[in-house]
Every structure is written in structure tokens, then in C-alpha cells.
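Reader: I would be grateful for a close look at a single part of this structure. Please describe how its elements fit together.

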Amino acid sequence: MHKILANTIFLGKDLINLTECHSTNEIARNLIKNGAYREGTVVITDKQTRGKGQRNSTWHAATGLNLTFSIILTPGFLPVHQHFYFNMAMANGVLSGLATLYGEVQIKWPNDFLSAEGKKLGGMLIENSLSGRLFDTSVIGIGINVNQFSFPVPNATSLASLTGKSYELAMVLAALLGALEEQYLKLKDGALEAIKRRYLDHLYRLGSWAEYNDGHQFTGKILGVAPSGHLLISKQNGETQSYEPKQIRFI
Amino acid sequence: MKAKEIQELIDFISNSGLAEVKIETDEFKLSIKKHAEAPAAKAVENHYTPIPAAAPNPEPATQKEAVSESNEHANRSLLEVKSPMIGTFYRSANPDADFFVNIGDTIQKGQTVCIIEAMKLFNEVESEISGKVVKVLVEDASPVEYDQPLFLIEPQD
């Protein structure tokens with residue numbers, strides 16, 4: 001993937017293309033440490049050997065079939081306590097980008113992307129660096145299953161599996177970068193409520209009863225997301241609980 | 001891109017274990033390939049280039065001793081590094097890595113001292129002061145509140 005045709009102002013103008021690396025987030029963070037970046041720099045690889053999911057989990061992507069990239073942003077305007085709005089804005093960007101290629105995608109709180117049938121299409125991992133009460137730099141790592149047809153786990157899918165056609169990775173990247181930049185600029189404009197509304201509009205299981213486990217299995221209904229990013233779930237006895245990602249499992 | 005930036009990029013790539021790197025921007029195209037035989041840790045250049053992912057270097061002992069003279073719970077001017085958010089406090093980048101800072105380390109303003117994870121967002125916290133780490137107030141991997149003191153720092157100019 002040597003040329004991308006993203007119609008952006010700054011995102012992806014500097015593109016670092018690696019044949020192989022441990023993790024594009026790690027490369028991006030090292031670029032920041034060495035000062036060798038501009039806002040909007042994108043690191044992309046054909047083969048990620050040690051992709052990061054959450055702290056101990058890993059993200060698997062088959063070589064050359066899927067999209068794995070990280071972008072560097074410098075949201076110095078954003079107060080630290082609004083960090084979840086940043087997460088929502090980036091998730092919305094991925095949604096919009098995928099909508100142009102495939103259709104409506106759902107977000108599984110906080111940052112996984114699901115097909116309409118609820119299969120995992122991709123995920124996102126954000127690593128920030130904070131200076132006092134403000135953001136300094138942010139690395140947004142995004143993985144999207146694009147042309148892979150078989151998966152080691154049953155609950156995964158790809159754009160090609162969903163639509164039956166294959167995609168040019170450069171086109172998918174261009175669509176995502178364009179949409180991510182647009183959402184980032186919305187955040188910069190302070191459109192916090194619109195960002196949250198769009199995120200909730202696409203939130204998987206919002207407002208419907210389903211099974212969860214927070215140590216005990218229970219039937220609950222997602223009511224929304226707190227400004228801190230906590231997931232708000234109402235239980236059948238009328239009580240509302242707020243959860244961190246590690247405290248709750250979707251059954 | 002300036003010559004210095006290219007130099008830094010090459011240093012970064014040679015330290016990274018990558019075999020091949022292609023970079024393309026509006027202004028230039030750069031392709032770097034490392035020979036398989038080239039020793040990876042060929043850190044010949046001793047000019048000031050931070051090595052990615054290396055553990056923070058302990059300061060020379062002499063400097064440490066000089067400070068500890070005046071120290072010992074003389075709480076006269078210790079400053080706190082506080083948590084900017086609710087989350088989980090981590091002292092290292094991942095479970096296998098060394099701690100960002102240890103007691104006795106001299107840290108610089110802007111240096112990463114810990115990670116606070118909140119809602120799957122990983123936030124590196126930079127120290128706003130330069131000085132010596134006197135105390136670590138929170139256990140690794142434990143929950144922290146907004147504004148909770150994390151480290152005690154003896155400021156240095």
C-alpha cells in the first residue's frame with residue numbers, strides 16, 4: 001500500500017508503511033518520544049506480530065488481509081476529564097468510515113466494532129500521554145478485519161465476509177482516515193453532545209434486556225454511558241449500576 | 001525533513017529490530033533496508049538520542065548521595081504527582097517491562113512516571129516537575145481516584 005488517496009487536511013499526509021512490526025501503536029509512541037512526527041502521522045503495517053488489545057490480551061490479524069494502523073494526534077485542547085469524548089469521537093470516525101464501505105456498524109462499549117449480527121469486525125486501542133490536566137499526544141490504534149474469510153474464533157467477521165467482495169486496503173484506509181479527521185475536528189469544535197448522541201445511537205444492546213455477568217449473571221439493560229465512560233446498566237430490580245470494562249462481561 | 005530528523009529516524013529504525021521501513025509523505029519517499037547481518041545493537045553514535053523502549057537509566061550514584069544528605073523526611077518542600085483521573089495505576093508499560101521510575105531516581109519534567117488506565121484508554125502521566133522520587137504512594141495495578149497523590153518528589157532546579 002504505497003499511495004493513499006485520503007481526502008484529508010492533515011491525517012495520513014505522513015504515512016509510515018512497515019512490512020512487519022510488533023505493534024503500530026508502539027512504533028507511533030516511539031516516533032513521539034523521538035519527536036519524529038507531525039499531528040496526523042499514520043503508521044501502518046502488513047503484518048503485526050504483537051498487536052495490542054487490552055493490557056494483557058493481543059490482537060490477531062492475518063498478514064496482508066486486514067488493516068492495522070495507528071494515528072498520532074495532539075489533542076492539547078482537550079481536558080483530561082473529557083477523555084471518553086475523545087474515545088467516542090474516534091469510535092464515531094470508524095463507524096462513519098465503515099458505513100461508506102459496508103453499512104451500519106455497532107459499537108460494543110467501549111471500543112469494539114460489531115457487524116449488524118453482532119460479530120466482531122474490529123477494535124481500537126487508544127494510548128494517551130497527559131501533561132497536567134490536558135492531553136499532550138494520543139496514539140489511536142485501529143484494527144479492522146477486511147479480506148479475511150476464516151477466523152480462529154466463531155464471533156469474528158470481516159468486511160469481505162459480510163459483503164462477499166474483496167476490498168482494496170488503501171481504499172478502506174482512505175475512508176477511515178477521512179471520517180476520523182472529520183470527527184476529530186468536531187471534537188475540536190466542542191460538539192460534545194452531538195458526539196455522545198452519535199455514539200449512543202450505535203451502541204450495541206442499548207435499551208434492550210440482555211445477559212451480563214459482573215461476578216453474578218443477571219439480566220440487565222444498558223441505559224447509556226456516564227461522562228467518565230462508565231457503562232450504566234439497569235437491573236431488573238430497578239437498581240442502576242455503573243461499570244468499568246473489567247467489571248462486566250457481555251454474555 | 002531535515003538531515004537531523006533523518007538521522008534520528010535511522011537511529012530509531014536501527015534500534016527497533018525492523019528489517020525494512022518505507023516512509024512516504026508529500027515531500028519525500030524514504031526506503032531503508034537493514035542487512036540481516038548488521039548487528040542490531042550497534043549503538044556507536046554516542047550523541048544524545050533517546051533509545052526507544054529502554055528502561056530509564058539510573059542516575060549516577062554521586063548525584064544521588066548529594067541529595068540524600070539533605071533529605072530524610074525533611075518534608076520541607078516535597079511535591080506530589082497526582083492522578084489526573086479515576087482509573088488503575090500502573091508503574092510499567094506492560095507486565096514484563098521495568099517500572100518507569102523507582103525511589104531514588106532523578107526525573108525530568110515531562111518524563112513518564114506511570115500509566116493510568118481508564119475505560120481501556122491507557123494514559124501515560126508525565127511529571128510536571130523535575131526532581132528526585134522520594135516515595136511511591138500507590139501499589140502497582142491498584143485503583144486510584146481523581147487527584148490522588150501517586151509520587152512524592154523532591155524538586156530540583
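Author: In this predicted model, a right-handed β-α-β unit is made by strand E1(A), helix H1(A) and strand E2(A). Helix H1(A) covers residues 24-33 of chain A. The two strands of the unit, E1(A) at residues 15-18 and E2(A) at residues 42-45, run parallel and are joined by four bridges. Within this pairing, Val42(A) of E2(A) is the residue opposite Leu15(A).

Strand E1(A) merits attention residue by residue. Leu15(A) and Asn17(A) point one way from the strand, Ile16(A) and Leu18(A) point the other way, and all of these are buried. In a regular strand, side chains alternate between the two faces of the sheet.

Two cysteines may be added to this picture. Cys21(A) has a relative accessibility of 3%, and because buried means under 20%, this residue counts as buried. Cys114(B), at 0% relative accessibility, is therefore buried by the same cut-off. A search of the whole structure for disulfides, over all chains, finds zero.

Elsewhere in chain A, two helices may be considered together. Two packed helices are described by the angle between their axes and the distance between those axes. For helix H2(A), residues 83-101, and helix H5(A), residues 192-201, the axes come within 9 Å and cross at roughly 55°. Angles from 65 to 115 degrees count as roughly perpendicular and those under 35 as roughly parallel, so H2(A) and H5(A) are oblique to each other. The crossing in which H2(A) passes H5(A) is left-handed.

Key:
Residues numbered from 1 in each chain as written. Chains lettered and ligands numbered in written order. Predicted model: local features only at pLDDT ≥ 70, side-chain atom pairs only at ≥ 80, totals over all residues. Heavy atoms only, no water. Buried < 20%, exposed > 50% of the residue type's maximum accessible area, 1.4 Å probe, protein only. Pairing = 2+ DSSP bridges. Right-handed = clockwise from strand over helix to strand, strands pointing away. Disulfide = S-S within 2.5 Å. Axes fitted to C-alpha atoms, helices over the stretch in contact; angles between N-to-C directions. Parallel < 35°, antiparallel > 145°, perpendicular 65-115°, else oblique. Left-handed = near helix turned anticlockwise from the far one by under 90°.
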